Structure formats: structure tokens, C-alpha cells
Amino acid sequence: MPYDRLKALTGLHKSRWNSGLVRLLLVAGLAGMASAELPAAAAAGAVPSDKVQCVFDQLSSDDREMALLLFQREVASGAKYHGSSRNLKVIDRLVDEARARCSAPFDWSLGRSDAATSYAMNELMRAGMAQALDSKGRGTAPIETYFEQHRAELMEVPTITGAPAEQFRTFLFGQGWSKTETASLGLAEFYLAALATRARQAQSFAAAPARELIAAKRKVSAPPSRAKTARRDKP
């Protein structure tokens, strides 16, 4: 990414990141995720789609790689979350540009815009976690399988902890994972949560109004007064 573009993206911007999401990044420790293999980006000038994945599809390959590099930098810094993080601001800007390319032609409602934006951010993070798992010799196939088998119940769970986590780990142990792989197991739980988030965002997008139906208030003119019945001349 050219320096001038990167510099412009770091301008003051109200970050939409919350502390919970950043803590997830910091705890997961996604080292080296900038080399993650991402799905091919849409070709330059490609027509946007009216789908939840539109914002992610509209991120160029360079922008996706830049986002992952900035995620890695944020994690490597070890700093606690702060709303003025330049790394997160740049990612915000990248996603905002892609969102604008999608929402403009379809006049998306706020609900659809938010769902598609969150979907894109989640996909970037999920790609990073997939690469991190791969670097530890673990693929995502069994996690994907588990999610499909327990989709309904996982859609209702915001985080994979407690009983759901124990059940998931028991499944992984049956797939050859070891209890000593604490880092990989933790990443697997985050990845499973990301799959659930992706499904929820797709659901939210579909349920949201397609457009903002803000009807302009029209002045309803009072109908013209009816002519008074003419008095008949008395005989």
C-alpha cells in the first residue's frame, strides 16, 4: 500500500472497535497472521453484491493484507485497548471505504450496513486465526465440522466457555488433539466463536430492512372547501 494512502488512513477517526474484540485478539496471540491465505478479493471495478459478504468482497487483496499486518502489529504491541489505536483506525478506514462501495448502490439500511461491516471485520480476524492454527499444525476442518453439527446451539452462545467449551474440547480430543496444546485449543475456541459470529451477522443482514424507509412528510393540503349549496330563491 502506498505510503500516502496509509498516511491518509491514519487520520482522526472514531474507532468502532470495542475492548472485548481487541482483548480477543491479544489473548489469541495471532503471531504471523499477515501471511494468512485469504479468499481472492473481488476484481477491481467489480459490481458490488447486495449480500452480507459484500464489504469483505470489496476489500482489495492489498487492503486485506494490510489489515492483517495491522492486526499483527496491535497484538505484538501487547498494549491494552485504547480507542486512539492507529492500527485499528486504519482497519476501520479500509473497511469503511469498502462499505461505502456496497451501501451506495443499494441504499442499505443502517442494520444491513452494520451487519456487513461486522461480517467483514470478523472474516479478517477469522482468516488470521486460521493461519495461526495452521502454523501450529492444526487445520480448521474439524472446527468447521463441529460448528455445522451444533450450529443452532452455538448461535445462542456469545463466547465459547464453560460447558460448551468442555464439550468442544472433548470433540477435538477425539480428533487427535492433545490436552497439552493449550494455545491451539484456545485458538480453536476463538475460531469456533468467529464462525458463530459470521452466521449471526448473515442472519442479521437478512432480517434488517433492505433500505432506510424514511418517508418524507408530505403536507396534505386540505381539500378545497366545497361550495356552499346555493340557496334557492324562495317562491
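# Helix packing and one disulfide

Guide: Start with a crossing: H9 passes H10 in a right-handed crossing. The model is predicted.

Visitor: At roughly what angle do the axes of H9 and H10 cross?

Guide: Helix H9 covers residues 162-174. Its axis comes within 11 Å of the axis of H10. The two axes cross at roughly 115 degrees.

Visitor: Which residues of H10 make the contact with H9?

Guide: H9 brings Ala-165, Phe-168, Arg-169, Leu-172 and Phe-173. Facing them on H10 are Leu-185, Gly-186, Ala-188, Glu-189 and Leu-192.

Visitor: How do the residues of the contact of H9 with H10 divide by class?

Guide: Arg-169 of H9 and Glu-189 of H10 both belong to this contact. Sorted by class, the residues of the contact of H9 with H10 come to seven nonpolar, one polar and two charged.

Visitor: H7 also packs on H10. Are the two helices parallel or oblique?

Guide: H7 spans residues 141-149, and H10 spans residues 182-207. Their axes lie 10 Å apart, at an angle of about 50 degrees. Angles under 35 degrees would count as roughly parallel, and 65 to 115 as roughly perpendicular. H7 and H10 are therefore oblique.

Visitor: In which hand of crossing does H7 pass H10?

Guide: The angle between H7 and H10 is about 50 degrees. The crossing of H7 past H10 is right-handed.

Visitor: Which residues in H7 meet H10?

Guide: H10 offers Ala-188, Tyr-191, Leu-192, Leu-195, Ala-196, Arg-198 and Ala-199. By class, the contact of H7 with H10 has nine nonpolar, no polar and two charged residues. On the H7 side, the residues are Ile-143, Glu-144, Tyr-146 and Phe-147.

Visitor: Now the cysteines. How far apart are the sulfur atoms of Cys-54 and Cys-102?

Guide: A search of the whole structure turns up one disulfide. Cys-54 and Cys-102 form it. Sulfur atoms must lie within 2.5 Å to count. In this pair they are 2.0 Å apart.

Visitor: Is the link of Cys-54 and Cys-102 left-handed or right-handed?

Guide: Look at the torsion about the S-S bond, which is -95 degrees. The link of Cys-54 and Cys-102 is left-handed.

Visitor: Which helices hold Cys-54 and Cys-102?

Guide: The pair links distant parts of the chain, 48 residues apart. Cys-54 sits in H3, residues 54-58, and Cys-102 in H5, residues 86-106. The helices are H3 and H5.

Visitor: Is Cys-54 buried or exposed?

Guide: Buried means under 20% relative accessible area. Cys-54 has 1% relative accessibility, so Cys-54 counts as buried. Cys-54 and Cys-102 are both buried.

Visitor: Which residues does Cys-54 touch, leaving out those up to four places away in sequence?

Guide: The disulfide partner, Cys-102, is one of them. The full set is Pro-48, Ser-49, Cys-102 and Trp-108.

Visitor: What phi does Asp-107 have?

Guide: Asp-107 is found in the loop between H5 and H6. Most residues other than glycine have a negative phi. Asp-107 is not a glycine, yet its phi is positive, at about 50 degrees.

Visitor: Is Asp-107 buried or partly exposed?

Guide: The buried class ends at 20% relative accessible area, and exposed means over 50%. Asp-107 has 45%, so it is partly exposed.

Visitor: Stepping back, how many helices and strands are there in the protein?

Guide: From the N terminus on, the elements run α-α-α-α-α-α-α-α-α-α. The protein has ten helices and zero strands.

Conventions. Residues numbered from 1 in each chain as written. Predicted model: local features only at pLDDT ≥ 70, side-chain atom pairs only at ≥ 80, totals over all residues. Heavy atoms only, no water. Axes fitted to C-alpha atoms, helices over the stretch in contact; angles between N-to-C directions. Helix = DSSP H or I, 4+ residues; strand = E, 2+ residues; numbered from the N terminus. Parallel < 35°, antiparallel > 145°, perpendicular 65-115°, else oblique. Left-handed = near helix turned anticlockwise from the far one by under 90°. Contact = heavy atoms within 4.5 Å. Nonpolar A, V, L, I, M, F, W, Y, C, P; charged D, E, K, R; others polar. Buried < 20%, exposed > 50% of the residue type's maximum accessible area, 1.4 Å probe, protein only.
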